[in-house]
Amino acid sequence: MKQIPYDTGKVKIGLTYTPPPPKPTPEDDWAQDILIGSSHRLTDLMLTTIQSLAAIAVLVLVMLLLGGN
């Protein structure tokens, strides 16, 4: 595979070529929406997931605080 730019001796082909950026994942879109403050509403699934993670974090914190002898 040839490196860009390809030098023919007279012309450098692809000298200013830049590959396209990778396509964003749904997680990238979500993080960008949160950081920008987009007005997109949370879906029920996303809200349930956040609430479940918060509940698990609280349970782990309580177990760590009360579990030691």
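The questions and replies below concern a predicted model and the terms used for it.

Me: What makes Val 58, Leu 61, Val 62, Leu 65 and Leu 66 a nonpolar patch on the surface?
Reply: Such a patch joins nonpolar side chains (Val, Leu, Ile, Met, Phe, Trp, Tyr) within 5 Å, from residues with over 30% relative accessible area and no salt bridge, a salt bridge being a side-chain nitrogen of Lys or Arg within 4 Å of a carboxyl oxygen of Asp or Glu. These five names are Val or Leu, and together they have about 530 Å² of accessible area, by the Shrake-Rupley method with a 1.4 Å probe.

Me: Why is the stretch of residues 44-67, where Val 58 has its place, called a helix?
Reply: A helix is a DSSP run of H or I with at least four residues, and a strand is a run of E with at least two, so residues 44-67 carry the name helix 2, counted from the N terminus.

Me: How do you know what confidence helix 2 has?
Reply: The pLDDT is the predictor's confidence in each residue, from 0 to 100, and helix 2 has the highest mean, at 92, whereas strand 1 (residues 6-7) has the lowest, at 78.

Residues are numbered from 1 along each chain as its sequence is written. Local features need pLDDT of at least 70, side-chain atom pairs count only at pLDDT 80 or more, totals for chains, interfaces and linings use all residues, and side-chain values use heavy atoms, with hydrogens and water left out.

Methods
Patches are made of residues with over 30% relative accessible area and no salt bridge: like charges are joined within 9 Å, nonpolar side chains (Val, Leu, Ile, Met, Phe, Trp, Tyr) within 5 Å.
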